[in-house]
Amino acid sequence: MVAINTETITYFFGQLYTEEGAGSGWIIDENGYIVTNNHVVEGAQNITVTLDDGRTFPAAVVGTDFLTDLAVVKIEAENLMRASGGDSSELNLGEWVLAIGNSLGLGVTPSEGIVRSLGASITVSPGQTLHDLIGTSAAINPGNSGGPLVNMQGEVVGITSVKISMVGVEAMGWAISIDSALPIITQLINTGHVVRPYLGISYTDVTPYLVWQYNLAVNEGIFIFEVLTGYPAEEAGLEAGDVIVGFNGEEIANIGDFVEAVTSCEIGQNVEIIYWRGNNEYTTYATLTESPPP
């Protein structure tokens, strides 16, 4: 378990400000690879990792993934004591677990609790729904983000995230299950990004303002701002100003619906797309390709 401190430099009314942040992480590889949350390191110019023996290292981002709120950073160190991975599928309701993290930025501390739910899904922000979550009564405070949730054998079974504990649910924190996180972590270490199915558009939710501005015929769906050259959407004949309302048999009312529908498909899969252009509804087909590197 490590403490992570970040500095983010921003400009506000011509003035330079440095915003400090704190989070947690855990060593997955003895050569310095550390797992944390994407929101812990997102936008940070400087990242510092402090080990449990007090040594401090600058860290570099290896890869991040917004959709799963996961990130991997690396420090230049060898022969580190890595955490042992567990099997979150073997967890039971009522089982005791520990959330270990840099709580409130005051140093590494554990908090105990029980497993209160398994396999939960929570929408964190538009287009970001986290799945296969472990609910726990263990206290998860700012600074715990990215730290390990461990079972009584000391095995990592989840990755805590304060960002998704703040959902108005009393005495319930959330952790990303290790079973669903490991494939993402492996891709981040190997390639620096996660490869997913990709259509090749920039888009936003249909809003009352967009309905008025563009005289749209529908008040739900995703509005296409741009169709990227050389990607499936262009080959399917989609254009800026179109509104997608159906994708691969699923109704699309908002960004969350669209992201979930696309990521549930396979690269190379041919999908049906229902969309509106002006006052007419059309159907087209696209073969999804790999998402480009960020």
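A salt bridge here means a side-chain nitrogen of Lys or Arg sitting within 4 Å of a carboxyl oxygen of Asp or Glu. By that yardstick, a search through the whole structure turns up 5 salt bridges. Keep in mind that this is a predicted model. The close-ups below start with salt bridges and then move on to strands, a surface patch and a proline.

**View A. Arg 196 and Asp 65 meet in a salt bridge.**
The N-to-O distance between these two side chains is 2.7 Å. Arg 196 sits in the loop between α2 (178–191) and β14 (197–198), while Asp 65 belongs to strand β6 (residues 60–65), so the pair ties together parts that are 131 residues apart in sequence. Are the two partners buried or exposed? Arg 196 counts as buried, because its relative accessibility is 17% and the cut-off for buried is under 20%. Asp 65 is buried as well, at 6% relative accessibility.

**View B. Glu 239, Asp 242 and Arg 277 form one network of salt bridges.**
Start with Asp 242: its salt bridge to Arg 277 has its closest N and O atoms 2.8 Å apart. This contact links distant parts of the chain, with Asp 242 in the loop between α4 and β17 and Arg 277 in strand β19, 35 residues away. Then there's Glu 239, whose side chain also meets Arg 277 in a salt bridge, this time at 3.7 Å, N to O. Glu 239 lies in the loop between α4 (232–235) and β17 (243–247) and Arg 277 in β19 (residues 270–277), so this pair ties together parts 38 residues apart in sequence. How buried or exposed is each member of the trio? Asp 242 is buried, at 1% relative accessibility. Glu 239 is partly exposed, with a relative accessible area of 42%, and Arg 277 also counts as partly exposed, at 28%.

**View C. Strand β10 pairs with β9 and with β13.**
β10 covers residues 128–136. On one pairing, 6 bridges join it to strand β9 (residues 109–125), and the two run antiparallel. Look for Ile 122 standing opposite Leu 130 of β10. The β9–β10 hairpin has 2 residues between its strands, and Gly 127 there takes a positive phi near 85°. The other pairing is with strand β13 (residues 173–177), again in the antiparallel sense, over 4 bridges. In that pairing, Gly 135 stands opposite Trp 174 of β13.

**View D. Four acidic residues make a negative surface patch.**
Which residues form it? They are Asp 87, Glu 90, Asp 132 and Asp 179. Asp 132 brings us back to β10, the strand in which it lies. Its relative accessible area is 31%, so Asp 132 is partly exposed. That value just fits the patch rule, which takes residues with over 30% relative accessible area and no salt bridge.

**View E. Pro 148 and Trp 26 are far apart in sequence but 6.4 Å apart in space, C-alpha to C-alpha.**
How many residues separate Pro 148 and Trp 26 in sequence? The count is 122. Pro 148 has its place in strand β11 (residues 148–150). With a relative accessible area of 4%, Pro 148 is buried.

Note on methods. Residues numbered from 1 in each chain as written. Predicted model: local features only at pLDDT ≥ 70, side-chain atom pairs only at ≥ 80, totals over all residues. Heavy atoms only, no water. Patch = residues over 30% accessible without salt bridge, like charges linked within 9 Å, V, L, I, M, F, W, Y side chains within 5 Å. Areas by Shrake-Rupley, 256 points an atom, 1.4 Å probe, with all protein chains shown as cover. Lys, Arg positive; Asp, Glu negative; His and termini not counted. Charge placed at Lys NZ, Arg CZ, Asp CG, Glu CD. Buried < 20%, exposed > 50% of the residue type's maximum accessible area, 1.4 Å probe, protein only. Pairing = 2+ DSSP bridges.
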